[in-house]
Amino acid sequence: VTHSIPACIGGMTINSKQLDNESPVSIFAVNKCYVTVQDGTFFDGSGFAALVREGYKVRSDVNITLEFRTTAVHGVLLGVSSAKVDAVGLEIVNGKVLFHVNNGAGRITATYEPRGTNSLCDGKWHKLQANKSKHRISLIVDGSVVQTDNPYTQSTSADTNNPIYVGGYPADVKQNCLTRKSSFQGCLRNLVLTKGQQAELFDFSRAFDLRGVFPHSCPGAEH
């Protein structure tokens, strides 16, 4: 077993001596246990999760679905890039959701703008679906559909070969379809990438790099 247990552990004793959880000698990717908890992965706004070490190939089609909960008006949701310009990116900027795609000919963007500035950043769960089908892209947020025209109809494949970065990305990594570097602060759940009939649900506890990200437990929504 190479990944950590997604659980809360307490009251541990060794040789009848209780271990002090409050002041450990060292700590890595361990968070406190919440009194009220929800399913999801908590991002503390400082880091990211890196998935698919060998690189994710978007190519002509991909459908990305996830749910998010945040009170911040800026934050990276997801980025997959390449050494060239090919890339896809999802981000929250000024309370709007932006889905960027570059198939090699130029970046195009679908923007979902809610009626109220903070209505997506209200600490409640919101559903997002971003779809790239050859040169066409669409974005669905809480059931509202946004589509955008793409002048580059001949360019249909995003030839990405880098990991999937969720909630942010390292300073030395280039992301050609993200305009901001702000790490996401809040909770994400049910991240699924679908290609054709093949859907893949990503488990954050199996990420190859986690910084400021705590899988499988989200503090309960504040009242």
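Here a visitor and a guide talk through a predicted model, in which local features need pLDDT of at least 70, side-chain atom pairs count only at pLDDT 80 or more, and totals for chains, interfaces and linings use all residues. Residues are numbered from 1 along each chain as its sequence is written, and side-chain values use heavy atoms, with hydrogens and water left out.

Visitor: Which UniProt domain annotation covers residues 38–218?

Guide: Happy to start there. In this span the end C-alpha atoms lie 5 Å apart, and the content is 0% helix and 51% strand; helices (H or I, at least four residues) and strands (E, at least two) are DSSP runs, numbered from the N terminus. UniProt positions are given in the numbering used here, with shortened feature names, and annotations may be inferred rather than shown by experiment. The record, an unreviewed entry, gives the domain as Laminin G.

Visitor: How are the rings of Phe-42 and Phe-214 arranged, and why?

Guide: The structure holds 4 aromatic pairs, where rings of Phe, Tyr and Trp (its six-membered ring) have centres within 6.5 Å, and planes under 30 degrees apart count as stacked, over 60 as edge-to-face and the rest as tilted. For Phe-42 and Phe-214 the centres are 6.3 Å apart and the planes stand at 25°, so this pair is stacked.

Visitor: How many residues apart in sequence are the parts that Phe-42 and Phe-214 tie together?

Guide: Both Phe-42 and Phe-214 are buried, meaning under 20% relative accessible area, while exposed is over 50% and partly exposed lies in between (1.4 Å probe, protein chains only). Phe-42 belongs to strand E4 (residues 41–51) and Phe-214 to strand E16 (residues 209–214), so the parts joined are 172 residues apart.

Visitor: Which residues form one aromatic cluster?

Guide: Two of its members are Phe-43 and Phe-184, whose ring centres lie 5.9 Å apart with planes at 75°, so they pair edge-to-face. Phe-43 is in strand E4 and Phe-184 in the loop between strand E13 (164–166) and strand E14 (185–195), so parts 141 residues apart are tied together. Phe-43 is buried at 1% relative accessibility, and Phe-184 is buried with a relative accessible area of 1%. The full cluster is Phe-43, Phe-184 and Phe-204.

Visitor: Over which ring does the charged end of Arg-189 sit?

Guide: A charge sits over a ring if NZ of Lys or CZ of Arg is within 6 Å of the ring centre and within 35 degrees of the ring normal. The charged end of Arg-189 is 3.8 Å from the centre of its partner ring, which belongs to Trp-125.

Visitor: Is Glu-113, the salt-bridge partner of Lys-96, buried or exposed?

Guide: A salt bridge is a side-chain nitrogen of Lys or Arg within 4 Å of a carboxyl oxygen of Asp or Glu, and Lys-96 and Glu-113 meet at 3.9 Å, N to O. Lys-96 sits in strand E8 (residues 96–102), and Glu-113 in the loop between strand E9 (107–112) and strand E10 (126–133), 17 residues apart. Lys-96 is partly exposed at 27% relative accessibility. With 55% relative accessibility, Glu-113 counts as exposed.

Visitor: How far apart are the closest N and O atoms of Arg-211 and Asp-209?

Guide: The structure holds 4 salt bridges, among them Arg-206 with Asp-203, whose closest N and O atoms are 3.6 Å apart. Arg-211, partly exposed at 44% relative accessibility, bridges to Asp-209, and here the closest N and O atoms are separated by 2.9 Å.
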